[in-house]
Amino acid sequence: MDILKILSRGIKPTAKARSSQPGAASASLPSSGAPSHPQLFHDPLASSAASRGKKRKRRKAQQAEEGDQLQAEGDEDLSDVDFFAPPKPKSQKTEAEENASSKTTNDEKKKHKAKLLDEEECRQVLKSHRLKFTILGGQHEQVAQPEEDDKKNKKKKSKKDKESQNAEKKKQNHQLQIFPQPLSAFGQLKYEYGVSPTISDNIAQQGFRVPTEVQMGSLPLLLQPATALKKAKGVKGLDLEKGVDFLAVAPTGSGKTITFLIPAIEGILKRRKQQDKATEGEDESQHEPEHVLEAIVVAPTRELASQIVSEGRKLAIGTGVRIMLMRRGLRLYAEEETKATSLEEDSDGEEEDKKEEAEEGSTDEESGDEETKGKGKSLAKVDILVTTPKTLLNFLTNDGVSSMRKILPTVRNLILDEADVLLDPIFRKQTMGIWRACANPDVSITCWSATMASNVEALITNHLINRAKHFSLPLRPLIRLVVGLKDTAVPNVTHKLIYTATEPGKLLALRQLLHPTDSADSGPPLRPPFLVFTQSIDRAQALHDELKYDIPLEAGGSARVAVLHSSLPEKARAKIMARFRAGEIWVLITTDVLARGVDFAGVNGVVNFDVPTSPAAYVHRAGRTGRAGREGGVAVTFYTKDDIPFVKSVANVIAASEKQAGISEDKVTVQKWLLDALPNVAKEDRKKLKQRGVESRRTGAKGDKGGITTKSGWERQKENNKKGAIEASKRRKKMQMVEARERRGKGEEGSDGGEWGGIDEIGFLNLERLMGYSHPPGACTAQITVGWDLERGRDVQGFGLWRELESTLMEVYLIHERKRKCEGNWGWGGGVYINKSLKVMIIT
Ligand SMILES: Nc1ncnc2c1ncn2[C@@H]1O[C@H](COP(=O)(O)OP(=O)(O)OP(=O)(O)O)[C@@H](O)[C@H]1O
């Protein structure tokens, strides 16, 4: 009987329903490598009630059409390529060819240099792609100031006043929303927004043809805010001279990485161009561009940081922009911090005190540093630095703990990838430390994530306001873009929530996913490669030990299953990542270290072996599949009795994601009755869960309550009993030894001053006087524990005892000429005691 069938009865859709879902066996999987349409939302512009129900179908049809188009384009491109043909020299081009190519360039230019859309058109397009822009705090508030003041003067507010105030607030909120120009094609970057042709070519080289929603919305605003907002009506008072600060909340796998890298690279190229113009004719011989650290990308894990570096390098080919990963020992251009340039939170007096203390106590270190500077390596040639918060902060402070000592005055662009986690208490101090070290008043910040809590938004807004005050500069607008529904999982992934009751039930369920007995009826089809997430490192390791022999030898055996977590050395982690990307590893067991940002294009699924500790964690874990619009990804979550108090927040995310995807009520994963039945999660519990995970799993080690093991309860009980018996026996022997010693000390009967007396009788080893242990005469097996206090009789008696014992045993053997088996377990314990077991078996 299929236990899972019973456990998940009621939430599992019928086989027929499943076959129509994206995860069905017939559907293409992320690993199939088929071209996908990267856009997730493409609602029809007309939004009548009748058309709403057909949206998804229509979108799919549209996507299929566009996908075919992409496929056709791709095929066309390939058929044109002759890999062995010599490159065509430019001069050999015929006049006709030249004319044709210039005509196409002009056509292209015309096509992409389309006139700017008016605000209503922008509104329509943005709406159909579910893009919502809002101005947070900043200048918008300043514009609204006079009205606010008027209101403050009114002492008593009647009901009518309140109503009018609410209406006013609504109006204001409405005004907060803006409608910038969307990017309809990558070609516009070059022709409309002045992006370098090299970058444009590099984008095309990577096969990106259609911009994703986040790219549509963000790139115009980040590259040329004035052009992007030219037709927007409500932003007349905004000062866009110095650009904007930006916050993007967009689905996982929607291409946020290139969205922040393109403006960063382009910004560097533009500044170089301006510098070249300014210094024209000064030093003609100097062609090598000067590398100045202008942008910093901060990411929470090393894996993500390395990935950003490789994405960036692909985009920067031929531009001369250098992108590097921060590592220990790398020397950057940094200045020692001075009071005048340092920026501390206004409210943070504690920080200020600590800073002063650190400054007082660190003079020695500083002078030491000066020395190393003299001897040291030359400055790293880098334009864009990608780092984890800790690595860079260690460089800035020398130890990562004391307050800031160095600043990075040349940085003009700070990018926080996975900003919500970087500004979460775990990383907050480090990230804020880096932000403060970017002492250039013009530095802009862009924050990116698939999830963003409102307190994080408030933190960013407040810090920007403080910065503007500190530098006495006008506040730059902070614009937020939300793609789709905030804090929900990607709509193109199938979600499954499976109740397994107990921990062993999870293992059973996972094995069923690995080896489905009946593909039509044993849960969602989950094909390797897939990721398995656990709550802790111990559990990841234990699960790996359990699963590593589950793949048959003929299919690659244990090499197909691997574990990756932060306790592994960096090199080992990098190797596992490379093997997983290469398809050598099929099942990668991991912790939340791989939950964010890491892009494995062909991952077919994600298994939450342990329930994620927050809704955001679910969104990110599930987002490791279904990247760049790929269909067929599956996210499976197991939950046990212990998880029931917390599982509602995950269920809510799944419900919201499915609603966003337009899945009809009869096909949803989390039925309404289940959602109603699950208990609400209290705020305190939510906080505790986020910090500590599910308590019963914290022990982690194999065999513990929270451990992962297939041993039955009976087997574990038997093992525990055995362990208990051994412990008790040890305790008893120790007690006997102590008593015997006491007796010897008192000079009681039988004591001869601790001297070895040899064997009294055959088969009876009388060691009582020495060790306080005797054995009944005539037994075939004697278990002797030798305990000797070396402090009392160190040299003679300690070593003498062993020698005597050995020779005595020889005697036993010689006298009786019988077979015997002797197992010795010798050793020293702590330098004070010899306390070991010697087992002598005399076989008669
Ligand atoms: N316009 C595009 N068309 C097709 N693929 C794209 C496009 N832009 C980016 N991609 C690809 O989409 C994948 C996901 O991109 P990326 O890692 O930047 O996503 P992300 O939004 O940062 O995800 P996460 O939130 O998980 O960090 C990458 O493999 C990237 O190469």
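Where in the chain is proline 529 found? That seemed a friendly place to start, and the points below go on from there to the sheets, the helix pairs and the ligand.

1. Proline 529 is in the loop between α22 (503–514) and β13. Please keep in mind that this is a predicted model. The peptide bond leading from proline 528 to proline 529 is cis, with omega near 0°, so do have a look at that loop on your screen.

2. A second backbone detail concerns arginine 130. Its phi is near 55°, a positive value in a residue other than glycine. Arginine 130 is found in the loop between α6 (119–128) and β1.

3. Strand β1, which follows that loop, belongs to an open sheet of nine strands. The order is β2-β1-β11-β3-β10-β9-β4-β7-β5, and the pairing is mixed. At the edges stand β2 (177–178) and β5 (323–325); each has a single partner strand, so one side of each is left without a neighbour in the sheet. Helix α15 (residues 302–315) packs on this sheet, where it touches β4 (295–298), β5, β7 (384–387) and β9 (413–417). The direction of α15 makes about 165° with that of β5.

4. For a closer look at one edge of that sheet, take β1 and β2. Strand β1 (residues 131–136) is joined to β2 by two bridges, and the two strands run antiparallel. Opposite threonine 134 stands glutamine 177 in β2.

5. Another open sheet has six strands, in the order β12-β17-β16-β13-β15-β14, and here the pairing is parallel. Its edge strands are β12 (493–501) and β14 (561–564), each of which pairs on one side only. From one strand to the next, the twist averages 20°. Strand β13, which comes after the loop holding proline 529, is part of this sheet.

6. Within the six-stranded sheet, β16 (residues 605–608) and β17 (residues 633–640) pair in the parallel sense over four bridges. Valine 607 has valine 636 in β17 as its bridge partner. Helix α25 packs on the sheet and touches β12, β13 (530–533), β16 and β17. The direction of α25 makes about 145° with that of β16.

7. Helix α25 (residues 615–622) also packs against helix α26 (residues 647–660), at an angle of about 50° and with the axes 9 Å apart. The two helices are therefore oblique to each other, and their crossing is right-handed. Pro615, Tyr618 and Val619 of α25 make the contact with Ser649, Val650, Asn652 and Val653 of α26. By class, this contact has five nonpolar and two polar residues, with no charged ones.

8. Next come α14 and α15, the second of which we met on the nine-stranded sheet. Their axes come within 10 Å and cross at roughly 50°, so α14 and α15 are oblique to each other. This crossing is right-handed. On the α14 side the contact is made by Thr257, Ile258, Leu261, Ile262 and Ile265, and on the α15 side by Ile308, Glu311, Gly312 and Leu315. The classes are six nonpolar, two polar and one charged.

9. Helix α18 (residues 389–397) and helix α20 (residues 425–437) pack at an angle of about 55°, with their axes 9 Å apart. They too are therefore oblique to each other, but the crossing of α18 and α20 is left-handed. Pro389, Lys390, Leu392, Leu393 and Leu396 in α18 meet Phe427, Gln430, Thr431, Gly433, Ile434 and Ala437 in α20. Seven residues of this contact are nonpolar, three are polar and one is charged.

10. Finally, which residues are closest to the ligand? They are Pro38, Gly255, Lys256, Thr257 and Ala628, out of 20 residues that surround the ligand. Helix α14 (residues 256–278) gives the most to this shell, with three residues. Thr257, one of the closest residues to the ligand, is also part of the contact of α14 with α15. By class, the shell divides into eight nonpolar, nine polar and three charged residues.

Terms used. Residues numbered from 1 in each chain as written. Predicted model: local features only at pLDDT ≥ 70, side-chain atom pairs only at ≥ 80, totals over all residues. Near = placed C-beta within 6 Å. Nonpolar A, V, L, I, M, F, W, Y, C, P; charged D, E, K, R; others polar. Axes fitted to C-alpha atoms, helices over the stretch in contact; angles between N-to-C directions. Parallel < 35°, antiparallel > 145°, perpendicular 65-115°, else oblique. Left-handed = near helix turned anticlockwise from the far one by under 90°. Contact = placed C-beta atoms within 7 Å. Pairing = 2+ DSSP bridges.
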